[in-house]
Amino acid sequence: MLRELWNDAEGGFHPASAPDFLPQTALREVQLRRLRAVVARAYEHVELFRSRLDERGITPDAIQRLEDIQRLPFTVKTDLRDTYPFGLFASPMSDVVRLHASSGTTGKPIVVAYTREDVEVWSEVMARTFAACGMHRGDILQNAFGYGLFTGGLGAHYGGEALGATVIPISGGNTDRQIMLIRDFQVTALCCTPSYFTYMVERARELGVDLRELPLKIGIFGAEPWTDGMRKHIEAEAGIKAYDIYGLSEITGPGVASECCAQEGLHIFEDHFYPEIIDPETGEALPDGEEGELVLTTLSKKAMPMIRYRTRDITSIITEPCSCGRTIRRMRRIGRRSDDMFIIRGVNVFPSQIEAALLRVEGTLPHYQIILTRSHGLDQIAVEIEVTPEVFSDKIRGLEEVRKRLAQAIEHIIGIRVELRLVEPRTIARSEGKAKRVIDRRNEGS
C-alpha cells in the first residue's frame with residue numbers, strides 16, 4: 001500500500017530503499033537469522049551441500065555467528081554444471097515459477113531457478129538499484145538488456161515496474177530503432193552493457209542524433225567489467241550520468257550491488273547477499289579493505305540457495321561511510337576477473353588494463369581487441385585499437401604519435417611492450433551484448 005500511494009516525481013526517498021539505511025546492529029541480526037535459515041534449507045534439500053557438510057562433521061546448528069560462515073564449503077561454477085539441470089534445487093518444481101540459463105558456450109549451461117518469493121526479492125533489489133541510481137516514478141526506462149534465458153532483461157524489467165517507472169522492453173539489438181525510441185519516447189533512463197551503449201552513441205551520431213540534446217539523463221550499465229575511463233567517455237559523449245551495477249545469474253541476476261548517485265563504489269544489498277573477500281589462491285578470508293575474490297551467499301533465495309559462491313571477480317570492500325548515507329557496505333568496481341587473466345612473458349595481464357591505457361590517449365576510440373597467438377612455443381600479444389577518423393586520415397605523423405603514446409601507456413600499466421595495430425573506425429565488430437575483448441588463437445593449428 002505504501003508503494004502504491006507514494007509518488008516521488010519531485011524527488012525524495014523511495015520506501016524500497018529503506019533496508020539500505022538499516023543500523024548496523026539490526027542489519028547483522030537480519031543477516032544471521034537469514035544465514036542460519038538458508039544453511040538449514042540447503043542442508044535439508046540439496047544433496048551436494050549436505051554431503052559436504054557431513055564430510056566436515058558440520059551441521060546447520062554450527063552457525064551461531066556470522067563469522068561461522070567461514071566454516072562452510074565453497075560452491076563453484078563447476079558444481080552447477082556437474083549437477084545439471086536441477087541438482088542444486090532446494091524447492092520442488094511445483095514451487096518453481098521461473099528458470100533462467102546461461103548460453104552454455106563453454107560447456108553445459110548454468111541453470112538457475114526462482115520461486116515466486118525469489119522473483120519478488122529480485123524485483124525489490126532491482127527497484128533499490130534504480131532508486132540508488134537516481135531514478136524515480138515517472139522516469140521512462142528503455143531496457144536494452146537481452147530478454148530470454150539471460151537474466152538481465154527480465155530482472156531490470158520487473159525492477160523498473162516495481163519502482164514505478166515506465167518500462168520499454170526493447171531488449172538488445174536493432175540499434176537504429178533503439179535510437180529512434182530514445183528520441184521519440186523521450187526516454188530518461190537506459191540500461192544495457194557499456195560496450196553496447198558506446199556503439200549506440202556512435203551510431204546515433206551517424207544518424208544525426210545528439211543524445212546530449214535529449215531528455216536521457218541516466219545510464220545503468222552492467223554484465224561486463226568497464227573502467228572509469230569508459231565511464232568518462234560515456235558521460236561526455238551522451239551527456240548522462242553512467243552508473244555501474246553488478247549481479248550474476250548464479251546469485252539472482254542483476255541487483256546484487258549498485259552504485260548510488262555519489263558514484264563512490266557499489267552498495268551490496270547485503271540483507272539478501274552476504275559478501276566475503278578471500279585470497280583467490282588460498283581461500284582464506286581477507287579483512288575489509290584488502291583486494292581479493294568476491295564470495296557471495298544468498299540469504300533469502302529459496303529455489304536455489306548459493307552458499308559461499310566463488311564469483312572469480314576481484315574487488316575489495318570499502319570501509320569508509322558513503323556520502324549518500326547508506327549503511328550497507330560497498331565494494332570497489334569490478335575491473336577484472338581472476339579467470340580473465342592471461343600470462344605473457346611471465347606477466348599477468350587483464351583486458352581492463354589495456355582499456356585503461358587506451359582511454360588515456362587522445363585520438364583513440366573505446367573499441368579494441370586483444371589477440372593472443374603462439375610462435376615457437378612463446379605466447380604473443382597484439383592489440384587492435386580503433387582511432388578517430390582524423391587520426392587515421394593522417395597516415396604518418398598522427399598515427400605514429402598516437403602509436404607511441406599508446407605503447408608508452410600500455411607498457412607503463414602492464415610492464416611489457418605489445419604489438420599495436422591502429423585501425424580505422426568501425427573495423428572491430430560491435431557487440432549488442434557482452435563485448436568479446438580477447439581472441440585466443442594460441443591453440444590453433446597445434
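# Contacts, burial, cavities and sheets

User: Which residues does Glu355 touch, not counting residues up to four places away in sequence?
Analyst: Glu355 touches Trp226, Thr227, Met230, Tyr368 and Arg437, where contact means heavy atoms within 4.5 Å. The model is predicted: local features need pLDDT of at least 70, side-chain atom pairs count only at pLDDT 80 or more, and totals for chains, interfaces and linings use all residues. Residues are numbered from 1 along each chain as its sequence is written, and side-chain values use heavy atoms, with hydrogens and water left out.

User: Why is Glu355 called buried?
Analyst: Glu355 has a relative accessible area of 4%. Buried means under 20%, exposed over 50%, and partly exposed in between, with a 1.4 Å probe and protein chains only. Glu355 is therefore buried.

User: Where does Glu355 sit, and what separates its C-alpha atom from that of Gly229?
Analyst: Glu355 belongs to helix α10 (residues 351-358); a helix is a DSSP run of H or I with at least four residues, a strand is a run of E with at least two, and both are numbered from the N terminus. Glu355 and Gly229 are 126 residues apart along the chain, with 7.9 Å between their C-alpha atoms.

User: What makes a space a pocket, and what volume has the second largest one?
Analyst: On a 1 Å grid over the protein atoms alone, a pocket is an open set of points with protein on both sides within 12 Å along at least five of seven lines, whereas a cavity is a set where a 1.4 Å probe fits but cannot get out; lining residues have an atom within 4 Å of a point. The second largest pocket has a volume of about 430 Å³. That volume is the space filled by probe spheres set on the points, which are joined across faces, edges and corners. Of its 21 lining residues, Trp226, Thr227, Asp228, Arg333 and Gly335 lie nearest the centre. Helix α9 (228-238), β13 and α10 each supply at least two lining residues, and α9 gives the most, with three.

User: How many cavities of 30 Å³ or more are there, and which residues line the largest?
Analyst: There are three cavities of 30 Å³ or more. The largest has a volume of about 110 Å³, and its lining consists of Ala42, Val46, Leu48, Phe49, Arg52, Pro73, Phe74, Thr75, Leu88, Pro305, Met306 and Ile307. Helix α3 (residues 47-56) supplies the largest share, three residues.

User: How many residues of that lining are nonpolar?
Analyst: The lining of the largest cavity has 10 nonpolar residues, one polar and one charged. Ala, Val, Leu, Ile, Met, Phe, Trp, Tyr, Cys and Pro count as nonpolar, Asp, Glu, Lys and Arg as charged, and the others, Gly among them, as polar. The second largest cavity holds about 60 Å³ of space, and its lining has five nonpolar, four polar and two charged residues. The lining of the second largest pocket has five nonpolar, eight polar and eight charged residues.

User: What makes a set of residues a nonpolar core, and how many residues has the largest one?
Analyst: A nonpolar core is a set of buried Ala, Val, Leu, Ile, Met, Phe, Trp, Tyr and Cys residues joined through side-chain atoms within 4.5 Å. The largest here has 71 residues, and Met135, Tyr246 and Met331 have the most contacts inside it. Helix α5 (residues 116-132) provides the largest share, seven residues. Outside its neighbours within four places in sequence, Tyr246 has contacts that include Leu266, Leu294, Leu296, Met331 and Ile334.

User: Why do β12 and β13 count as paired?
Analyst: Two strands pair if DSSP finds at least two bridges between them. Strand β12 (residues 292-298) and strand β13 (residues 309-315) are antiparallel, with four bridges, so the rule of at least two is met. Val295 stands opposite Arg310 of β13. These strands belong to an open antiparallel sheet of five strands in the order β11-β10-β12-β13-β16.

User: What makes β11 and β16 edge strands?
Analyst: Strands β11 (285-286) and β16 (336-337) each have a single partner strand, so one side of each is without a neighbour in the sheet.

User: Why does Arg308 count as buried, and what sign has its phi?
Analyst: Arg308 has 3% relative accessibility and therefore counts as buried. Its phi is positive, near 50 degrees, in a residue other than glycine. Arg308 lies in the loop between β12 and β13.

User: Why is Arg426 called partly exposed?
Analyst: Arg426 has 38% relative accessibility, so it counts as partly exposed. Its phi is also a positive value, near 75 degrees.
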